[in-house]
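The exercises below ask you to read a protein chain step by step, moving from single residues to whole elements. Please work through each task with the structure in view before you turn to its solution.

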Amino acid sequence: MKKILLTSLLCASSIFAASDPSKNYNYEVTPFTSGILTDSKVGLENDNYFNIGISLAKNLDDSFIDQLEIAYMRSENIGYEKTTGDTNINRTFLNAIKKFELTDRLAAYGLAGVGYQDVQELDKHQDSAIFNYGIGLRYDIPYYGIALKGDVRHLIAIKENQNDIMYTLGLGMPLGKKYKDDQITAKVPAVVAEPTKKIFEEKEEPLPIVNNDDDNDGVINSLDKCPNTSPGVKVNKDGCVNTMNLNINFDNNSAEIKSMYQNKLSQFANMLKDNKTMTAVIEAHTDSKGSDAYNQTLSDKRAISVVNALKSYGIESSRLRAIGYGETQPIATNETEEGKAQNRRVTALINQ
């Protein structure tokens, strides 16, 4: 069984590592190994025994918790003192994970959750509900889209009042693309327009022309895609505020906002304060250096940095959204240092 589990984990690892890492992912799969230091109240032969497992974490947006994780681990052929028998232990967990960014690549995290342990073979070691909590570190490996993760946890089995310490080492890999706003197709209006056109052609009846402009932005209601624009705000032909370039550029491989941009952020925050109906989508970009997955992660961090800065100026988090586009939307050539610097940027899309 142990060989089968090892083989399965290695196959899963190779599949995810060999595939093109998703540019913005929903899940993270982590094969891991671990050791358990047990208090030996059930008479185990070894105080420190080996485990292997795998976890699948769902990345959460707009939540205090960053990930919700399902984990499985197995320990085999565990011996007992004063007996020739041994046992196998299967454990499953449901954990909540919170990350704390330390640098662009390094983050600490805390986790806590509940689970169940299934003990086979011997009656002296019982099945039980189990709790675990712990802290760890993760390092996002540049240009490969994967993360090295390690943590220490306290395991508490209810039935036997068992207190164990578990230490793990795993490799996190992205899984499952997200659809970005610009990937939502705009073909629906065209599909609807065709049968509508046929109806008008068949009836050949003129419709009354209504030129009302309820929000007084210069675009009539029938053409206004943002019908509640704040007074005095400049709009485009669709009645919406155009994308605004915050002109915030970043150093290579960095998500830290330079002090020279604080005045621009303050002005932008004041505009949002003056227009309470406005929300903003903060879009961040990178140059082409590094892998797609690494640049996606870096652009996410840049967008989050700007959102956090705006929140520090008093803008509610419910009015802000962060999106990273990695290297997919350059505005200049990536063949020169000047062009790369222009591509390491942040813009804001204003919505009414």
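**Exercise 1.** Is Asn253 buried, partly exposed or exposed, and what is its relative accessible area?

*Solution.* Please keep in mind throughout that this is a predicted model. Begin with the place of the residue: Asn253 lies in the loop between β9 and α3. The next step is the accessibility, for which the cut-offs are under 20% for buried and over 50% for exposed, with partly exposed in between. Asn253 has a relative accessible area of 21%, and therefore it counts as partly exposed. The backbone of this residue also deserves a look, since Asn253 has a positive phi of about 65 degrees although it is not a glycine. Most residues other than glycine have a negative phi.

**Exercise 2.** Describe the make-up of the chain as a whole, using its secondary structure, burial, contacts and surface.

*Solution.* First, the secondary structure comes to 5 helices and 12 strands. Second, the chain has 352 residues, of which 42% count as buried. Third, if we take the contacts with a separation of 6 or more, residues 24 or more positions apart account for 60% of them. Finally, the chain exposes about 19300 Å², and carbon and sulfur atoms supply 57% of this area.

**Exercise 3.** Find the residues and elements that build the largest nonpolar core, and then examine Phe268 and Ala269.

*Solution.* In soluble globular proteins, nonpolar side chains tend to be buried together. Here the largest nonpolar core has 23 residues, and those with the most contacts inside it are Ile248, Phe268, Ile282, Val306, Leu310 and Val346. Two or more residues come to this core from each of β9 (244-249), α3 (262-274), β10 (279-284), α4 (292-312) and β12 (345-351). Among these, α4 gives the most, with 5 residues. Apart from this core lies another, of 12 residues, which includes Tyr49, Ile130, Leu155 and Met166.

Turn now to Phe268, leaving aside its neighbours within four places in sequence: this residue is in contact with Met244, Leu246, Ala280, Ile282, Leu310, Ala348 and Ile350. Ala269 lies in helix α3, and with a relative accessible area of 0% it is buried. Not counting residues up to four places away in sequence, Ala269 touches Leu310, Tyr313 and Ile315. As a last step, consider Ala269 and Gly314, which are 45 residues apart along the chain while their C-alpha atoms are separated by 7.7 Å.

**Exercise 4.** Compare the surroundings of several salt bridges by asking how accessible each partner is.

*Solution.* The structure holds 10 salt bridges. In one of them, the side chains of Glu76 and Arg74 meet at 2.7 Å, N to O, and both Glu76 and Arg74 are buried. In another, Lys258 and Asp251 meet at 2.8 Å, N to O. Lys258 has 30% relative accessibility and so counts as partly exposed, and Asp251, at 42%, also counts as partly exposed.

The salt bridge between Lys340 and Glu337 spans 3.9 Å, N to O. These two residues are 3 apart in helix α5 (residues 337-343), which means that about one helical turn separates Lys340 and Glu337. Lys340 counts as buried because its relative accessibility is 18%, whereas Glu337, at 56%, counts as exposed. Lastly, there is a network of salt bridges, in which Glu28, Arg138, Asp140, Lys149 and Lys301 are linked.

**Exercise 5.** Why can strand β1 be called largely enclosed by the rest of the structure, and how does β1 pair with β2?

*Solution.* Strand β1 covers residues 25-37, and 10 of its 13 residues are buried, so the strand is largely enclosed by the rest of the structure. For the pairing, β1 runs antiparallel to strand β2 (residues 48-59), and the two are joined over 11 bridges. Glu28, for example, has Ala57 in β2 as its bridge partner.

**Exercise 6.** Which residues make the nonpolar surface patch of about 600 Å²?

*Solution.* The patch is made by Leu60, Leu68, Ile70, Leu94, Val114, Phe131 and Ile158. To follow one member more closely, locate Val114 in strand β5 (residues 106-119). Its relative accessible area is 43%, and therefore Val114 is partly exposed.

Terms used
Residues numbered from 1 in each chain as written. Predicted model: local features only at pLDDT ≥ 70, side-chain atom pairs only at ≥ 80, totals over all residues. Heavy atoms only, no water. Salt bridge = Lys/Arg side-chain N within 4 Å of Asp/Glu carboxyl O. Buried < 20%, exposed > 50% of the residue type's maximum accessible area, 1.4 Å probe, protein only. Helix = DSSP H or I, 4+ residues; strand = E, 2+ residues; numbered from the N terminus. Core = buried A, V, L, I, M, F, W, Y, C linked by side-chain atoms within 4.5 Å. Contact = heavy atoms within 4.5 Å. Areas by Shrake-Rupley, 256 points an atom, 1.4 Å probe, with all protein chains shown as cover. Patch = residues over 30% accessible without salt bridge, like charges linked within 9 Å, V, L, I, M, F, W, Y side chains within 5 Å. Pairing = 2+ DSSP bridges.
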